[in-house]
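Q: Please take a close look at one part of this model and describe how it sits within the rest of the chain. I would like a single connected account rather than a list.

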Amino acid sequence: MNLNTRVAIVTGAGGGLGRSHAIELARHGAKVVVNDLDQAVGERVAEEIRSSGGEAMAIAASVTDEDGIAAMADQVMSAWGQIDILVNNAGILRDKSFAKATIADFRLVLDVHLMGSVICAKAVWDIMRAQNYGRIVMTTSSSGLYGNFGQANYAAAKMGLVGLMQTLALEGQKYNIHVNCLAPTAATQMTQGVLAEDGLEKLSPDLVSPGLLALVGEQAPTRAILCAGAGHFASAHVTLTDGVQVAGGPGAGEAVIQRWEEICDRRGEIVPAYGFTQAERELASAGYSSAAVVVER
């Protein structure tokens, strides 16, 4: 893996996973922008990279600040002339059961994780399109993919990032922009009190970041969800079962209930190439032929 010609931005890189990602990218030759809320914290990581022979700069900005993130992109372009890799890593937790959670906390988590990733991706999107190259990584979570008690806000944001990844990957394909998700399990400041203490030493962020390399290189996939933790790597998929065709009419609801096990039978399930795959198959099952519908907006 050689990233010598690449420029990477890592958000929330002042510590934890972000720091590990930044160091791993720099180790493989990338020039790294260490983004963090705290300039001094980001500068420590940037200096750590520089002291090891790499190139790095620290830029303080909140991922929720459109103007600040746009200014960061401008600063990087002025200094290095390109932005090839964006790792959307910044995040927060406000864990409470849904009954006890406040709407303000819900909005805050969505703003940082989901809208923060949208803002950062938007800031580099036209740059990547113009240079006909880009690699964007969203940080999702098993909490979003599968749910987790007390994390409704976090889970909603993290699954939202999967949907964002799926669509940006399709829209970016003709511009050689690959978009993927990383679902990490790591002992960081965010996970203190969430993960069992006796397993934390096995969950170093350094054991996650090697997986990031697979998502940002020349041969990176697109629309992949890579789960990583403790040196273990697996891929997750959103699938669609074969399903059944039910005739309309007064008894249709009862028929769906009666055939529920058949509807959920996972034998022969697929990973749809795009969202309209569902509609195409539904129309085909109802006796209509259909073609993929792609609308350029």
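The answer below begins with the whole chain and then turns to a helix, some strand residues, two loops and a pair of rings.

Q: Which residues of helix 7 are buried, and what covers the buried residues of helix 7?

A: The model is a predicted one, and helix 7 is best placed after a brief view of the chain to which it belongs. The secondary structure of that chain comes to 10 helices and 8 strands. Its radius of gyration is 21 Å, close to the 19 Å that the globule rule gives for 297 residues, so the chain is as compact as a globular protein of that length. Taken along the principal axes, the box filled by the C-alpha atoms is roughly 70 × 45 × 35 Å. Buried residues account for 42% of the 297 residues, and the accessible surface of the chain comes to about 15300 Å², with 54% of it belonging to carbon and sulfur atoms. Among contacts between residues at least 6 apart in sequence, 68% join residues at least 24 apart. As for charge, the chain has 22 positive and 31 negative charges, and the mean positions of these two sets are 1 Å apart.

Against that background, helix 7, which spans residues 209-216, is mostly covered, with 6 of its 8 residues buried. The buried residues are Ser209, Gly211, Leu212, Leu213, Leu215 and Val216. The cover over these buried residues includes one helix, helix 1 (16-27), together with strand 4 (85-88), strand 5 (134-139), strand 6 (177-185), strand 7 (225-229) and strand 8 (232-236). In reading such a pattern it helps to recall that an α-helix has 3.6 residues a turn, so residues three or four places apart point the same way.

Helix 1, named above as part of the cover of helix 7, also contains Gly16. Gly16 is partly exposed, with a relative accessible area of 31%, and its C-alpha atom is separated by 24 Å from that of Ala70, a residue 54 places away along the chain.

Val10, by contrast in accessibility, belongs to strand 1 (residues 7-10) and is buried, with a relative accessible area of 0%. Leaving aside neighbours within four places in sequence, Val10 is in contact with Gly18, His21, Ala22, Leu25, Val32, Val33, Val34, Asn35, Val87 and Asn89. The C-alpha atoms of Val10 and Glu66 are separated by 16 Å, the two residues being 56 apart along the chain.

Asn35, which appears among the contacts of Val10, lies in strand 2 (residues 31-36) and counts as buried at 1% relative accessibility. Not counting residues up to four places away in sequence, Asn35 touches Val10, Thr11, Gly12, Ala13, Gly14, Ile59, Ala60, Ala61, Val63 and Met72. Ala79 is 44 residues from Asn35 in sequence, and the two are 15 Å apart in space, C-alpha to C-alpha.

Strands 5 and 6, both included in the cover of helix 7, each have a loop to consider. Most residues other than glycine have a negative phi. Asn132, however, has a positive phi of about 55° although it is not a glycine; Asn132 lies in the loop between helix 4 (103-131) and strand 5. Asn132 is partly exposed, with a relative accessible area of 41%. Asn176 likewise is not a glycine and has a positive phi, of about 60°, and its place is the loop between helix 6 (152-172) and strand 6. Asn176 is also partly exposed, at a relative accessible area of 26%.

Lastly, a search of the whole structure finds 1 aromatic pair. It is formed by Phe98 and Phe106, which meet edge-to-face at 6.1 Å centre to centre with 80° between the planes. Phe98 counts as exposed at 62% relative accessibility, whereas Phe106 counts as buried at 18% relative accessibility, a value that falls under the 20% limit for a buried residue.

Terms used. Residues are numbered from 1 along each chain as its sequence is written. This is a predicted model: local features need pLDDT of at least 70, side-chain atom pairs count only at pLDDT 80 or more; totals for chains, interfaces and linings use all residues. Side-chain values use heavy atoms; hydrogens and water are left out. Helices (H or I, at least four residues) and strands (E, at least two) are DSSP runs, numbered from the N terminus. The radius of gyration is taken over C-alpha atoms; the globule rule is 2.2 Å times the number of residues to the power 0.38. Buried means under 20% relative accessible area, exposed over 50%, partly exposed in between (1.4 Å probe, protein chains only). Contact means heavy atoms within 4.5 Å. Accessible areas come from the Shrake-Rupley method with a 1.4 Å probe; for residues, only the protein chains shown count as cover. Lys and Arg count as positive and Asp and Glu as negative; His and the chain ends are not counted. The place of a charge is taken as NZ of Lys, CZ of Arg, CG of Asp or CD of Glu. Rings of Phe, Tyr and Trp (its six-membered ring) pair if their centres lie within 6.5 Å; planes under 30 degrees apart count as stacked, over 60 as edge-to-face and the rest as tilted.
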